[in-house]
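Colleague: I am new to reading structures and would love some help with this one. Could you pick a single part, look at it closely, and then walk me outward from there?

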Amino acid sequence: MATASKTTPARSKSASRTRSSAKKAKPAIAEFDKDEELHAYREMLLIRRFEEKAGQLYGMGLIGGFCHLYIGQEAVVVGMQMAKKDGDQMITGYRDHGHMLAMDLEPSAVMAELTGRRGGLSKGKGGSMHMFSKEKHFYGGHGIVGAQVSLGTGLGFANKYRENGNVSMAFFGDGASNQGQVYESFNMAELWKLPVVYVIENNKYGMGTSISRASATTDLSQRGASFGIPGEQVDGMDVRAVKAASEKALAWCRNGKGPYILEMITYRYRGHSMSDPAKYRSKDEVQKMRTEHDPIEQVRSRLIEKGSASEDDLKAIDKDVRARVAEAAEFAQNDPEPDASELYTDILL
């Protein structure tokens, strides 16, 4: 009777070693020149100051409904913006203001949408969670948890069908990573080799629940392993690490190899939404992240240490950004509200 060999094939051992070494490999960090550092600093600071002002206006009752701020996570979307090419699309969930600003949408148009004015991106009818710009290749702003993942996969399908060389970037959070449509999307994207980068913004808390209490496996970069989709964890608080990983993922997709997963390890400083007091975590935890890992402060420190910018230079940038945000807030408070007739436009029957 023939017996099965107990010898492991050399190919399997080699593959195992390759996987092991890949897992231990030190993440790549992009080398930024002075202009790149200043660009990242300005873009992240714009998002930070915009969100701070949005929080202020919400507290004054000038913004209604839900409002989810992006404070702390700025490096994720700015790093990806620095890696993408014209024509690449972004689509995300309800924490979307930062993504729109990174896609070069006017702060005044974003803020006016928050206050429900006719000059807003969705004519004042979408609010915080539902904004859109075909011109800038930003496809929302979606309130249903995980819904944007399927739509982002559809954008990838359209890119492949049109052979335009563009890549869809579908952003979602650690909470949404357990949604069923996410895995249906993974399966289709790998089966058809669609150019989609799935960006999991793991800010450690899905609403008020720690990821360790909600997910059986917390290495979300491996969620596509059963479909053969490669993934990696990225320091989402370091814009250089984000850019390096994004360039790699976007190149993978553009070369026809199918989808890629990036798990951005990041952190939000505010609650899940403006109505969340965030009592499920300690003030010390938040302060530690602010002090040791803040994405903007990291760039600021490098600029000063390398002599690329002085304190006065950075104060001037901050002043300019604050003025731009103040102008957007002024517009958003004084722009007229939509006419009642707008209730009947943009409706598909």
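**A close look at N203 and what lies around it**

Modeller: N203 is buried, with a relative accessible area of 5%. The cut-off behind that word is simple: a residue counts as buried when its relative accessible area is under 20%, so a value of 5% puts N203 in that group. Please keep in mind as we go that this is a predicted model.

Where along the chain does N203 sit? Its place is in the loop between β3 and β4. Leaving aside residues up to four places away in sequence, N203 touches Q73, R95, D174, T266, Y267 and R268. Try clicking on those six one after another and see where each lies on the chain.

One of those contacts, D174, leads to a pocket. D174 belongs to the residues nearest the centre of the second largest pocket, together with Y94, F172, G173 and H272. The whole lining of this pocket is made of 25 residues, and the space inside is about 360 Å³. What kinds of residue make up the lining? There are nine nonpolar, 12 polar and four charged ones. As for the elements involved, β2 and β4 (205-206) are those that give two or more residues to the lining. Of the elements, β2 gives the most, with three residues.

Now follow the chain back from the loop of N203 into the sheet. Which strands form this sheet, and in what order? Five strands make an open sheet in the order β1-β2-β3-β7-β6, and their pairing is parallel. Because β1 (89-91) and β6 (231-235) stand at the edges with a single partner strand each, one side of each is left without a neighbour in the sheet. On average, neighbouring strands here are turned by 20° against each other, if direction is ignored. As general background, the strands of a sheet pair through backbone hydrogen bonds, either parallel or antiparallel.

Let us take the pairs in turn. Strands β2 (residues 168-173) and β3 (residues 196-202) run parallel and are joined by six bridges. Within this pair, G173 stands opposite E201 in β3, and you have already met G173 as one of the residues nearest the centre of the pocket. On the next step across the sheet, six bridges join β3 to β7, and these two also run parallel. Here N202 stands opposite I265 in β7. Finally, β6 and β7 run parallel with five bridges between them. What is the bridge partner of D235 in β7? It is I265, the residue that also stands opposite N202. Find I265 on your screen and you can look from there towards both neighbours.

How covered is β7? Five of its six residues are buried, so you can call β7 mostly covered.

At the β1 edge, a good residue to look at is Q89, whose place is in that strand. Although β1 is an edge strand, Q89 counts as buried, at 6% relative accessibility. Its contacts, not counting residues up to four places away in sequence, are H137, Y139, L155, N159, V167, S168 and M169.

Two helices help to complete the picture around the strands. Helix α3 (residues 74-83) packs on the sheet, where it touches β1, β2, β3 and β7 (260-265). The direction of α3 makes about 155° with that of β3. How many residues of α3 are buried? The count is 10 of its 10 residues, and E74, V78 and M82 are among them. The second helix, α6 (residues 147-162), lies across β1, β2 and β3 and runs at about 170° to β2.

To retrace the path: we began at N203, in the loop between β3 and β4, went by way of D174 to the second largest pocket, and then crossed the open sheet of five strands. The last stop was the pair of helices, with α3 packing on the sheet and α6 lying across β1, β2 and β3. If you want a little exercise, start again at N203 and find its contacts T266, Y267 and R268, then look for β7 (260-265) along the chain.

Terms used:
Residues numbered from 1 in each chain as written. Predicted model: local features only at pLDDT ≥ 70, side-chain atom pairs only at ≥ 80, totals over all residues. Heavy atoms only, no water. Pairing = 2+ DSSP bridges. Helix = DSSP H or I, 4+ residues; strand = E, 2+ residues; numbered from the N terminus. Axes fitted to C-alpha atoms, helices over the stretch in contact; angles between N-to-C directions. Contact = heavy atoms within 4.5 Å. 1 Å grid on protein atoms, 1.4 Å probe; cavity = no way out; pocket = protein on both sides within 12 Å on 5 of 7 lines; lining within 4 Å. Points joined across faces, edges and corners; volume = space filled by probe spheres on them. Nonpolar A, V, L, I, M, F, W, Y, C, P; charged D, E, K, R; others polar. Buried < 20%, exposed > 50% of the residue type's maximum accessible area, 1.4 Å probe, protein only.
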